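Please read the following report alongside the sequence and the model. It begins with confidence and then turns to the sheet.

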Amino acid sequence: MAVDSSLAGRSFPPTPPYDVTEERLAAFAAATGTPYAAGGPAPATFPIVVAFAAMQELMADPSVGIELHHVVHGAQRFAHERPVRAGDRLSAALTVTGLRQLAGTDIITTSSAITDGHGALVCTAEATLVHKAGA
């Protein structure tokens, strides 16, 4: 069953705050093979940690109809306003910016505004999810 087209334009509440620590940055860098120096800026793709939490909330919402095990991550882009650093407290608020069906597949585009503890925009993470129900 296709995802309801009314999902396009829907926004979800911000994720709980995520505390960025040196340990978390070092672990992310080690896992992704990305250079990182203690005290320096986070790897450019680190905001996926917070953005993915927002995507999980989208997929966990039973009213949406997305089955996580039928999703392929199609694309990901980041637009940084400033570097992420240890000590940041980040949240992501996801909006479904587009939805189209193609040959029984849902192509869902999202934008997650990642903000710091003061509400300032740190990064925007855009993603494309490809979902085929019952695949």
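## Confidence of the model

The protein chain averages a pLDDT of 93 (the predictor's confidence in each residue, from 0 to 100), and 98% of the residues score at least 70. Among the elements, which are DSSP runs numbered from the N terminus (helices: H or I, at least four residues; strands: E, at least two), strand 1 (residues 18-19) has the highest mean pLDDT, 98, and helix 2 (residues 48-60) the lowest, 93.

This is a predicted model, in which local features need pLDDT of at least 70 and side-chain atom pairs count only at pLDDT 80 or more, while totals for chains, interfaces and linings use all residues. Residues are numbered from 1 along each chain as its sequence is written, and side-chain values use heavy atoms, with hydrogens and water left out.

## The sheet

Five strands form an open sheet in the order 1-3-4-5-2, with antiparallel pairing (two strands pair if DSSP finds at least two bridges between them). Strand 1 and strand 2 stand at the edges with a single partner strand each, so one side of each lacks a neighbour in the sheet. Helix 2 packs on this sheet, touching strands 1, 2, 3 (89-102), 4 and 5, where contact means heavy atoms within 4.5 Å.

## Around strand 5

Strand 5 (residues 121-131) pairs antiparallel with strand 2 (residues 71-80) over nine bridges, and ten bridges join strand 5 to strand 4 (residues 105-115), again in the antiparallel sense. Threonine 128 in strand 5 stands opposite alanine 75 and also opposite threonine 109, whereas threonine 124 in strand 5 faces alanine 79. In the hairpin of strand 4 and strand 5, with five residues between the strands, glycine 119 takes a positive phi near 85 degrees.

Terms used. Axes are lines fitted to C-alpha atoms, for helices over the stretch in contact, and angles run from 0 to 180 degrees between N-to-C directions.
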